[in-house]
Amino acid sequence: MQTDVLKKVPVREQDAKVRATNFEEVCLGYDKEEAMCEATRCINCKNAQCIKGCPVAINIPGFIEKVKEGDIAAAYQIISEASALPAVCGRVCPQESQCEGKCIRGIKGEPVSIGKLERFVADWARENGVKPEGAVEKKNKKVAVIGSGPAGLTCAGDLAKMGYEVTIFEALHEPGGVLVYGIPEFRLPKQDVVAKEIENVKSLGVKIETNVVVGKSVTIDELMEEEGFDAVFIGSGAGLPKFMGIPGEQALGVFSANEYLTRSNLMKSFDENANTPIMRGKKVAVVGGGNVAMDAARTALRLGAEVHIVYRRSEEELPARVEEVHHAKEEGIIFNLLTNPTEILADENGWVSGIKCVRMELGEPDASGRRRPVVIEGSEFLMEVDTVIMSLGTSPNPLISSTTKGLEVNKYKCIVAEEDFGATTKKGVYAGGDAVTGAATVILAMGAGKAAARGIDEYLRNS
Amino acid sequence: MYRILKAEELAANIYLMDVEAPRVAHSCQPGQFVIVRMDEAGERIPLTICDYDREKGTITIVFQVVGAATEMMRHLKTGDSFHDFVGPLGCPSEFVHEEEASLKNKRILFVAGGLGTAPVYPQVKWLHERGIDADVIVGAKTKDLLIMEEEMKAVAGNLYVTTDDGSYGRSGMVTKVIEDLIESEGKSYDVCVAIGPMIMMKFVCLTTKKYELPTIVSVNPIMVDGTGMCGACRLTVDGEVKFACVDGPEFDGHKVDFDQAMKRQQMYKTKEGRDYLKAKEGDTHHGGCGNC
């Protein structure tokens with residue numbers, strides 16, 4: 001295979017027109033030949049910057065070296081030392097701002113396609129039945145992990161590898177957290193990828209108990225005092241969806257992105273055979289510009305709608321990954337930028353009939369450093385839609401913080417946890433992921449889960 | 001899996017089941033609810049907790065057949081299992097946190113409509129176990145749809161049964177009984193708890209408002225996860241958006257926007273579903289029951 005050393009080996013994707021009508025995965029990934037070819041682009045830097053860019057510090061040049069040699073099983077074990085979910089991360093990490101953002105190759109030309117290589121290695125391991133290596137000796141201590149999303153799975157996997165007895169408590173009926181209810185099938189296949197990664201974590205000895213809402217079914221104090229857990233990790237995720245607070249938001253046909261995506265992803269309502277209904281709108285407005293907004297928009301598109309992203313700033317400020325925006329555009333999502341809804345209108349039966357919007361322009365930078373959008377006077381206009389999906393982020397869920405004595409929250413109601421090892425204000429209780437930071441990314445949550453596993457290990461050794 | 005230890009039909013289309021769910025039974029309180037799923041492809045269905053046995057580790061649920069999912073559920077028998085059974089969800093009734101001494105001085109009126117009798121029962125029972133007798137009005141459309149009369153009689157101070165068609169007990173709507181008790185039977189109350197179809201709760205609140213009687217209602221909107229994540233169960237209370245699953249399900253009834261809440265319940269109702277109900281309930285079905 002010949003290649004331009006300045007460019008990534010291109011990755012095969014489903015054609016945009018075809019994939020806009022199905023829920024199959026968009027990106028098809030590398031095959032072994034492509035992966036080995038891409039791996040040769042890595043110059044194996046001594047002081048590898050990519051590792052510093054990775055929140056879980058995977059030995060990136062190390063695993064790529066093994067791919068280069070064609071020893072994929074060895075590459076997988078190197079990744080597994082640091083990451084419990086490589087097939088997930090290879091798909092959903094924002095590599096452009098992390099490992100690949102730091103790659104020396106990127107200075108002149110394109111960085112090494114680290115994400116696609118990680119994905120290839122993880123997929124190969126799964127297809128060839130290679131599992132991560134478990135603990136050598138057991139430690140006689142029990143840890144409870146709350147939430148089976150990226151933070152919880154990572155923390156549980158790491159602790160199990162250290163020899164601890166770990167039980168994950170999951171509130172929903174299926175483990176995976178945001179990987180299952182939030183990220184759509186076409187970006188992250190549930191059965192083939194997520195379920196298999198969870199199987200790998202279980203194969204390390206981790207138990208998962210579903211249908212347990214910690215804070216309701218059982219409290220953290222009860223877990224520690226009555227059920228004998230020596231330490232607890234809270235990775236309960238982000239929480240309650242935000243709404244704009246504009247008139248008409250309770251009209252029929254207005255959904256939070258969380259609801260819309262949960263129906264489609266967790267409850268599989270995109271599938272005609274599933275029992276949970278989802279509204280199949282004809283013209284949908286998705287308000288917001290993050291990754292969740294892109295996921296909701298691309299889901300609505302696949303359910304047959306004309307879809308508009310309505311975002312109050314300009315393209316440059318879109319918080320979504322460039323790749324997601326690019327894919328969305330390819331598939332035919334229409335971007336109404338510098339546009340902000342002011343009211344949702346409903347017909348005589350209470351169903352959404354349109355949204356009133358104003359046009360915006362960018363003014364001076366605000367606290368976030370982004371230019372503040374300012375309303376253009378007299379720019380009001382009407383957009384006819386039958387469905388509105390609000391994708392404005394979330395605010396923390398009070399279920400755990402309000403039922404756990406001695407667990408402090410900050411002014412945003414996020415759990416206070418010390419940065420290096422995730423220790424909270426309650427002895428033996430650690431936390432990480434969105435429950436601490438507010439909505440962020442899968443890999444940051446994994447980084448926090450990893451740090452907390454080290455913190456918990458340290459704590460249990462000394463107690 | 002969550003095994004069903006008992007399944008029986010209480011009245012036409014109304015079923016009771018005892019289900020093994022030790023974690024839920026260990027921690028549930030009056031006012032809370034559960035979510036169940038029948039099988040892999042099943043919907044998450046929020047249901048009322050009607051009773052619990054902490055020692056046996058069981059929860060009693062009562063449900064009415066209102067659509068495809070509950071139609072399937074009614075065929076479950078003793079020995080069958082639910083695939084998922086999660087809870088307790090929502091906040092316990094406010095009185096659970098009140099000082100017993102101050103509760104003892106309160107005159108409490110419960111108003112239960114139809115299936116609402118089931119969630120009212122554990123509240124009245126909880127009070128009864130603490131030596132507090134509350135008055136209870138139970139309303140049903142007709143005698144055959146009345147449920148749990150004996151159980152309720154055993155824990156209520158006074159029980160007033162009424163049927164819309166006068167086929168049993170008093171005659172007329174629950175609102176009429178409230179008026180009769182307060183205006184002609186010399187009763188007075190400090191607080192009212194009303195649980196039933198949205199339309200009933202709305203009219204109970206309009207009635208109690210006249211007497212400035214504080215009224216708590218328990219809402220049952222559309223829900224997906226039941227833990228605060230999806231926001232489907234939102235409603236407006238006193239001008240603010242609240243989530244029934246984490247802020248409720250009980251709210252100050254005089255502040256709930258019932259008309260909006262009733263509209264939102266129709267979100268996924270199909271023409272087929274409405275036709276099904278009409279066929280089942282015939283002319284007595286006028287809409288607004290919260291199930292149609």
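**Exercise 1. Work out how the radius of gyration of chain A agrees with that of a compact globule.**

Solution. Start with the count: chain A has 463 residues. A compact globule of that length would have a radius of gyration near 23 Å. The radius is taken over C-alpha atoms, and the globule rule is 2.2 Å times the number of residues to the power 0.38. Chain A has 23 Å, which agrees. Next, take the box: along the principal axes, the C-alpha atoms of chain A fill roughly 70 × 60 × 50 Å.

A note on the basis. This is a predicted model, in which local features need pLDDT of at least 70 and side-chain atom pairs count only at pLDDT 80 or more, while totals for chains, interfaces and linings use all residues. Residues are numbered from 1 along each chain as its sequence is written, chains are lettered from A and ligands numbered from 1 in the order in which they are written, and side-chain values use heavy atoms, with hydrogens and water left out.

**Exercise 2. Find what share of chain A is buried.**

Solution. Apply the cut-offs: buried means under 20% relative accessible area, exposed over 50%, partly exposed in between (1.4 Å probe, protein chains only). Buried residues make up 59% of the 463 residues in chain A. Now turn to the surface. Chain A exposes about 18,800 Å² (Shrake-Rupley method, 1.4 Å probe). Carbon and sulfur atoms supply 50% of that area.

**Exercise 3. Explain what the salt bridge between Glu34(A) and Arg12(A) ties together.**

Solution. Begin with the general idea: side chains of opposite charge can pair when their charged atoms come close. A salt bridge here is a side-chain nitrogen of Lys or Arg within 4 Å of a carboxyl oxygen of Asp or Glu. Glu34(A) and Arg12(A) meet in one, at 3.2 Å from N to O. Glu34(A) lies in helix α2 (residues 32-39) and Arg12(A) in strand β1 (residues 12-13), so the pair ties together parts 22 residues apart in sequence. Helices (H or I, at least four residues) and strands (E, at least two) are DSSP runs, numbered from the N terminus. Last, check the cover. Glu34(A) counts as buried at 10% relative accessibility. Arg12(A) is partly exposed, at 38%.

**Exercise 4. Compare the accessibility of Glu127(A) and its partner Arg126(A).**

Solution. These two form a salt bridge, with the closest N and O atoms 4.0 Å apart. Glu127(A) counts as exposed, at 62% relative accessibility. Arg126(A) is partly exposed, with 24%. Over all chains, the structure holds 54 salt bridges.
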